[in-house]
Each structure stands twice: as structure tokens, then as C-alpha cells.
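Visitor: I'm new to this one, so could you walk me through it? Let's have a look first.

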Amino acid sequence: MYSILKAQGVLPLVTQINIQTAEILLKSAAATGIKIIEFAARSNDAKEVFSQMIAFRNAHKLDLKIAVGSILTLQDAQTYHQLGADCIVCPHTDLEIGAYCLKNMVYWIPGAATLNEILHANNLGAEIVKLFPADKIGGPGYVKAIKAPFPDLKLMPTGGVTLEETNLKSWFKVGVVCVGIGSNLFSKELLAQLTYEKSVEAFQNLIEVIEKTRT
């Protein structure tokens with residue numbers, strides 16, 4: 001999973017979607033070469049939508065992994081793993097979730113803000129740590145500062161990451177593995193009227209700007 005995220009440079013995040021929109025996103029992501037997306041489980045019907053996403057992905061043999069984000073409890077981690085999640089993403093670092101993912105060989109990306117939290121997550125078995133909320137805790141300058149004594153930290157800033165070239169360049173320049181982008185990629189307004197063509201265009205633009213800003 002690390003190699004996929006490193007190569008892709010971004011983990012696109014979507015939430016609050018119905019199955020029709022989800023199917024459009026899955027098809028267009030796979031068509032444009034996206035290898036992994038994150039579905040944030042924040043709605044009452046999230047489990048139902050996710051299970052249908054997995055069924056659609058498998059039925060159409062899409063080369064696409066689906067991470068589940070906003071996992072807050074061990075029970076939810078267990079449930080989504082059993083439903084077919086390829087990766088569990090949390091806004092925080094939880095000992096029980098980490099132990100479960102490690103035991104069941106599920107890729108786990110916990111969230112952290114301070115250097116001690118990041119190192120704690122690493123000690124619990126996390127390879128990549130989600131830096132959250134990245135823009136509120138110091139931005140790229142913060143990453144540069146903490147990577148000075150710990151250059152091997154593998155970080156994924158999420159929160160406040162935009163599609164602007166200057167923003168993305170500032171993150172990759174300080175050595176993040178990848179970035180997490182949600183509403184700045186697919187706004188509520190876009191999701192509400194999403195078509196396959198619009199989704200393909202959004203993913204293509206994302207890939208292009210990521211490639212441009214990492215060079």
C-alpha cells in the first residue's frame with residue numbers, strides 16, 4: 001500500500017455520497033489510473049454505500065483499492081474490514097484499532113498532530129501517519145521542522161491541502177509521501193451533479209497537478 005500511495009502522491013477523499021455517485025467515482029478513478037481512493041464513513045448509510053462500492057468494484061474488476069476513513073472505534077474498524085476495506089484511515093491514533101489492523105494485516109493510517117503522537121503511531125505499527133489538521137498545526141513549515149531530527153517520517157498531510165500548484169509544491173518540497181485531498185477536489189456542489197465526464201476531468205486534473213508539482 002505504501003508503494004501505491006507514494007507513486008500516486010495523493011489520496012483522494014469522498015464522503016456523503018449515494019451509490020450512484022459512488023459508482024461514477026469508482027469507474028472514473030479506475031479509468032484515469034487512480035489506484036486508491038478513500039471513502040470517509042460519515043453518513044448514516046455509510047456501511048450500506050461502502051458494501052455496494054466493494055460489490056461494484058469487484059463485479060467490474062476495477063484495479064482500485066478502497067480505503068475507509070473517519071474510523072473512530074474498534075467496532076467500526078472491524079466492520080469495514082469485514083466488508084472489504086483495503087485500508088483503515090483514522091483522524092486520531094487508537095491503540096485498539098492499531099492492534100486489530102496489525103493482527104489482521106490491514107493497512108492502517110492513523111491521524112496525529114504532534115511529533116510525539118506521530119512517533120507513537122509509528123511504534124504501534126503505522127507506516128504512514130496522517131498529519132491532521134495539517135494547515136492548522138503549522139503547514140509545510142511544521143513538517144520541515146519535525147523532519148529535521150526525524151528525516152524518515154512518512155507523512156500524509158490532510159486538511160487545507162488544495163489543488164493550487166504553490167500549495168502542493170510546498171508540501172512535496174518538505175518531503176511528504178502523499179497528500180490527502182477531499183472537498184477541494186470534489187465539493188458538495190460537484191458531487192450533487194456529478195457525471196462520469198466531470199469526474200474523469202477532476203481526476204485527470206488531479207493527476208496532472210500532482211505530477212507537475214512533484215518534479
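Visitor: Is D86 buried, exposed or partly exposed?

Guide: First, a word on the basics: this is a predicted model, where local features need pLDDT of at least 70, side-chain atom pairs count only at pLDDT 80 or more, and totals for chains, interfaces and linings use all residues. Residues are numbered from 1 along each chain as its sequence is written, and side-chain values use heavy atoms, with hydrogens and water left out. Buried means under 20% relative accessible area, exposed over 50%, and partly exposed in between (1.4 Å probe, protein chains only). D86 has a relative accessible area of 22%, so this residue is partly exposed.

Visitor: Which side chain meets D86 in a salt bridge?

Guide: A salt bridge here is a side-chain nitrogen of Lys or Arg within 4 Å of a carboxyl oxygen of Asp or Glu. For D86 the N to O distance is 3.2 Å, and the partner is R57.

Visitor: How far apart in sequence are the parts that R57 and D86 tie together?

Guide: Helices (H or I, at least four residues) and strands (E, at least two) are DSSP runs, numbered from the N terminus. R57 lies in helix 3, while D86 is in the loop between helix 4 and strand 4, so the parts they tie together are 29 residues apart.

Visitor: How many salt bridges does a search of the whole structure find, and which residue pairs with K35?

Guide: The search finds four salt bridges. In one of them, the closest N and O atoms are 2.7 Å apart, and K35's partner is D63.

Visitor: What about E38: which side chain of opposite charge is nearest?

Guide: E38 sits in strand 2 (residues 36–40), and it is buried yet has no salt bridge. Lys and Arg count as positive and Asp and Glu as negative, while His and the chain ends are not counted. The nearest side chain of opposite charge is 4.8 Å away, and that is K130.

Visitor: Which ring does K130 lie over?

Guide: A charge sits over a ring if NZ of Lys or CZ of Arg is within 6 Å of the ring centre and within 35 degrees of the ring normal. K130 is 5.0 Å from the ring centre, over the face of F132.

Visitor: Are the rings of F39 and F50 stacked or edge-to-face?

Guide: Rings of Phe, Tyr and Trp (its six-membered ring) pair if their centres lie within 6.5 Å; planes under 30 degrees apart count as stacked, over 60 as edge-to-face and the rest as tilted. A search of the whole structure finds three aromatic pairs. For F39 and F50 the centres are 6.2 Å apart and the planes are at 15°, so the pair is stacked.

Visitor: Which residue joins F39 and F50 in one aromatic cluster?

Guide: F39 and F50 are both buried, and they sit eleven residues apart, in strand 2 and helix 3. The residue that completes their cluster is Y80.

Visitor: Over what arc do the buried residues of helix 8 spread?

Guide: The buried residues of helix 8 (residues 165–173) are N167, L168, W171 and F172. The arc is that of the directions from the helix axis to the C-beta atoms. These residues are on the same side of helix 8, because they cover an arc of only 125°.

Visitor: And which exposed residues does the face turned away from the buried side of helix 8 carry?

Guide: Helix 8 has its buried residues covered by parts that include helix 7, strand 8, strand 9 and helix 10. On the face turned away, the exposed residues are T166 and K173.

Notes:
Contact = heavy atoms within 4.5 Å.
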